[in-house]
Structures are given as C-alpha cells and as structure tokens.
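Subject: Structure handover and findings

Hello,

Here is the structure you will be taking over, with its sequence. Please look through it once before you read the notes below it.

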Amino acid sequence: MDRKMSKGNKLRYAGIVIFGIEVIGALFLTFILIKFPVLPARFMALYILICGLLLGVTGYFLISRKGFKRKIVCMNVAVLAAICFFVSFGYLEKTRKTLNSITGDTGDNPPDKIAVMVLESDPATVLKDALGYKFGLQNSIEYEKSLEAAGKINNTYSVKLDLTAYNTYSELAIALLKGEVGAIIIDSSFVELVETYEEGFADKTRILTELELNGTAYGIVLTPTPSPTLPPNVTPTPTPEPVPSGSAELRPVVMPPRDSKTEIAKNYFTVYFSGIDTYGPINRKSRSDVNIVMTVNPKTKKILLVSIPRDAYAPIPGVSGGSYDKLTHAGLYGIDKSMNTLRNIYGVELDYYVRVNFSSVEKFVDILGGITVNSPANFKTGGYTFKKGPNFVDGKKALTFARERYSFASGDVQRGKNQMEVIRAVINKMMSPALLTNFGDIMNAVSGNFQTNLTMDQLTSLVRMQLDDGAVWNIETYTVATKGGMNYCYSYRGSKLYVAYIDEKSADEAGSKMREIMEGR
C-alpha cells in the first residue's frame, strides 16, 4: 500500500512539474505575442481561449490525486503543448529580432569610404608600398573627402603625399591609366561609376585599400594643376560643365489630408523602392537602378506603382546646385537625395523607403515559393525562356526577368515595367496564406539584404490587417514617359552621357494618379 502511495505521489509530483513547465511555455508564448502583435484581435482571443482550456484540463488532472490513466495521457499532452509553446516562442522571437534589425533605419548614410586605386599590374600590395607614388584626386565632386583621405595618410605614415588635382573623374581615371600618376584617391561610391563610363578601367585597375573617414580636417589645401602652356593664338578647350537650370531646393508640395502619417494600416502612405545594382551588403551607397514609388491606400485596398527610367534627367536637390544629372546617380549621395529628386519630379511627398539589392530579390521570391509574372512578349535571356503571358518563376528567373532590357525596343522603359510586374506578383503572393506560413522565413531571407525606415510596429500592423480581412488588393502601374538623348551630367563631367528627358506632362500625370489613390478615388 505504501509502495502504491509512493508511486502515486511520484507521478503526481512529476505531473505538477510538467504542468509548471507547460504554464511557463504558455506565458513565454503569450508574452511574445503581446510584444510582437502579428495576430489580429480575434485570432489572439481564440489563442487565449484554447490556451486557457488546455491549461485548465491538463492542470486539473495533473495536480489531482486521482485518475492514473488520465494523468498519464495529460502528462503526454502537457509535454507536447510545452514543446509547441517553446518552439513557437523561439520562432516568433527570432522573427521579431530579424524584423527589428531591418526596420526603423534612420536614413543616415554609412561612413564615407575613400579608395586608393592603382593599376592591376602595379607591384604595390599595401598602401605603404605606394607612399612614394604621385597621387591623383579630383577637385569637383566630394573634393573635401579626398583631401581628408590624403591628410589621413600623411598623418598616419608621417609623409607628405605628392598630390595632383584633376577637374573630373574622367580625367582622373585617364591619368591613372596613362601612368601620369601612380595611384588615385577616389570616393568608393564613385568607383563603379568610373568603371561604367571609362572603357577598360575596371579590368586594368584595382583597389589597394579603403580608408574610412570621420570628418577630421588635416589642413591640406590643394590648388588645381595649372593648364599646360599652349602655342600662341591657341585657345584652350574648357571642360564642359552641366549648366544649372533647375531648382536646387525642394519644391513645396501639398498632400491630401490624413488622420495620421504613421498609422499606415488606416491611412494612405507612399514608399520609395530603390534597387541597387549589386549583390552583397545592402548598407553601402550605390547608384539606384530601380526607382519605383508605391502609393498605398489601405481603406480602398488600392496600390499604384509608378516607375521612371534610371537615366531620367533631373536636378538633385541639395547636391547638384540646379545642374541636371541622371536619377540613378542620386543614390551615390544617399537614399534621401534620391527621394528628394523624385519628390521634385512628381510633386508628392515620399514617406518611406525600401532598399533592396539582387540578393534580396532572389531569396525573397524563393521563400515565397516562386511567383507568377506576366511577360509582354516571348524572349530568351540569361539561359531562360519567357513566353508571352503568365510565367511561373523562382528567384533567379525573377531577377533575370526584372533586369532584362535588350530584348525590348523600349529598353529601360520596359525593364521598369517588368520590375513593377515582379513587385506586383510579390505583393499578390504575400497577400495569400504564404504570408502567415512563411513570415519568419521571409524575414530571415531579407535580413542583411533589405533596408527600410518603416518601423516594426508599422509592418506588423499591415500583417495583422491582412490576416484579419484577407482582402484582395487592386494593383495598378504607370510608367513616366521619357525621350533619350545625350547631355552633360553633374556627377560625371567631361563628356556627354546618355540621359532620358522627362515628359513633364507624364510626370504630372503620375503625381495626379498618386493623389487619386491617396484620396480614395
């Protein structure tokens, strides 16, 4: 009898311990669901009801002194429930931390980095090897940063660099290629720009090192190299400069009234999608090759995507002093400069931004299980075949579709339309149950490849809204008309580049369409 009582007590004590673990697991999961509120109110109420019933039933039998068989069954149920509680907590907490890491970006630009470049064939392997070289830098764009880098080298190695200034990045690149200088000091953000416009530069040069700047003044004052002596009666040809003819400041805009700018699940908002033409780390200044503005009205369930070619020709407020430049170049000065340029083009305030790179697109689409895009024509590119009409694509194929332009007569214009088609397909897929079943995986996929100044609370409010009503959204697209030509650009002077002149009526039409969405029309 005493032995039976001992067994019963042991089982009861074990049941109490298991129940305690189950309760702790439930408390952990409830805590994270309150801290990370992705569930709509009705789902949260259902969870609390089921959780309460489960704990009540298992607790009654596990704490009770009677019911041996039922106690065994409840112990097994409680163990499974506790495992589910803790696993769910871990999944949600990891998702919350990931989402928190990619949202709420302040928009501050990363620390400035200046590259020291030499020819590919140069024997120098570290900066110290090149200290005796003649160094070149340019004196028109980001000149002060180049001087700071030169001063930092002087200060670090107790040397005085032999410096020569050039008027443009083009002249600087040519000077290195021709051997006029042994090394050049150049803003790292502009390296890819030089590689794009100077034939052979990418293959014939390499970055020796990169210096991170902190705004320290080293007292270097450098005057440009004087023009060479010319024969009598010969007039030197000046370096062509873009002529300021646009606004150097932000134009005033009037937005339709809304109750709150931050409650995006209840009020309209705008988002700038910036796609940088690179793989790897997202936190770097780079040209923005994708420039799409999304206007969202959660009340009417309408979304408008507006695209404009990357070569759109416009002033960069706060940078170019009214001189015109390519829209894609604005990204070299920070995402805020791209947003300001588009604000002036459309006459509409841009509330938020989302910045992605190639790595983001591939991973995001794959996690969603693929998407269906509509192709405007039959074409082949990158080893893939696309047929006119619907095409189911994985991440790599989606990226290939979004990047292709040579298969279309309209080039960049059609590429912009295809990029909007990819975004439309992604949004539609996310509005399906894929959002709920893959939310954590989606967040993990974009970690490190995605930046936004939307907050975690704002994004979870949208998720909660969609899970609650399951509404179907109406997504429209519009492309701003442009006309190709050649002209001088602020960021890369010295020769004319291909640009896309903006049709002002079309840009105004884009702004009007955005306001229609905002106003619920």
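I begin with a contact between two side chains. Arg287 and Glu192 form a salt bridge, with their closest N and O atoms 3.2 Å apart. Arg287 is in the loop between strand 6 (269-276) and strand 7, while Glu192 is in helix 6 (residues 191-197), so this pair ties together parts that are 95 residues apart in sequence. Arg287 counts as buried because its relative accessibility is 10%, and the cut-off for buried is under 20%. Glu192 is also buried, with a relative accessible area of 14%.

Before going further, please keep in mind that this is a predicted model. Everything below is computed from it.

Other salt bridges

How many salt bridges does the structure hold? The count is 20. Two more of them can be described in the same way as the pair above.

The side chains of Glu93 and Arg96 meet in a salt bridge, at 2.9 Å from N to O. These two residues are 3 apart in helix 3 (residues 68-102), which means that about one helical turn separates them. Are Glu93 and Arg96 buried or exposed? Both are buried.

Glu509 and Lys513 form another salt bridge, and here the closest N and O atoms are 3.9 Å apart. They sit 4 residues apart in helix 16 (residues 504-518), so about one helical turn lies between them. Glu509 is partly exposed, at a relative accessible area of 35%. Lys513 is partly exposed too, at 26%.

There is also a network of salt bridges, which links Asp289, Arg310, Arg405, Asp412 and Arg415. Several of these names return in the next section.

The cavity

Rolling a probe the size of a water molecule over the atoms shows where empty space is left. With a lower limit of 30 Å³, the count comes to 1 cavity. Its volume is about 70 Å³.

Which residues line the largest cavity? They are Asp289, Val290, Asn291, Ser307, Ile308, Pro309, Arg310, Asp412, Arg415, Gly416 and Gln419. Strand 7 (288-297) and helix 12 (412-430) are the elements that give two or more residues to this lining. Helix 12 supplies the largest share, 4 residues. Sorted by class, the lining has 3 nonpolar, 4 polar and 4 charged residues. Asp289, Arg310, Asp412 and Arg415 are in the lining, and they also belong to the salt-bridge network described above.

A nonpolar patch on the surface

Val17, Ile21, Ile24, Phe28 and Phe86 form a nonpolar patch on the surface. Together they have about 420 Å² of accessible area. Helix 1 (residues 2-35) gives the most to the patch, with 4 residues. Ile24 is located in helix 1. Why does Ile24 count as partly exposed? Its relative accessibility is 42%, and partly exposed covers the range between 20% and 50%.

Two residues with positive phi

Most residues other than glycine have a negative phi, and most peptide bonds are trans. Two residues to look up against that background are Ser158 and Lys301.

Ser158 has a phi near 55°, a positive value in a residue other than glycine. It is found in the loop between helix 4 (143-157) and strand 3 (162-166). With a relative accessible area of 68%, Ser158 is exposed, because the cut-off for exposed is over 50%.

Lys301 has a positive phi of about 60°, and it is not a glycine either. Lys301 is in the loop between strand 7 and strand 8 (302-307). At 13% relative accessibility, Lys301 counts as buried.

A pair that is distant in sequence

The last item concerns Gly485, which is in strand 18 (residues 482-489). Gly485 has 15% relative accessibility and therefore counts as buried. How far apart are Gly485 and Tyr313 in sequence and in space? In sequence they are 172 residues apart, and in space their C-alpha atoms are 9.8 Å apart.

When you open the model, you could start with Arg287 and Glu192, the salt bridge at 3.2 Å, and then go to the lining of the cavity, where helix 12 gives 4 residues.

Regards

Note on methods:
Residues numbered from 1 in each chain as written. Predicted model: local features only at pLDDT ≥ 70, side-chain atom pairs only at ≥ 80, totals over all residues. Heavy atoms only, no water. 1 Å grid on protein atoms, 1.4 Å probe; cavity = no way out; pocket = protein on both sides within 12 Å on 5 of 7 lines; lining within 4 Å. Points joined across faces, edges and corners; volume = space filled by probe spheres on them. Nonpolar A, V, L, I, M, F, W, Y, C, P; charged D, E, K, R; others polar. Patch = residues over 30% accessible without salt bridge, like charges linked within 9 Å, V, L, I, M, F, W, Y side chains within 5 Å. Areas by Shrake-Rupley, 256 points an atom, 1.4 Å probe, with all protein chains shown as cover. Salt bridge = Lys/Arg side-chain N within 4 Å of Asp/Glu carboxyl O. Buried < 20%, exposed > 50% of the residue type's maximum accessible area, 1.4 Å probe, protein only.
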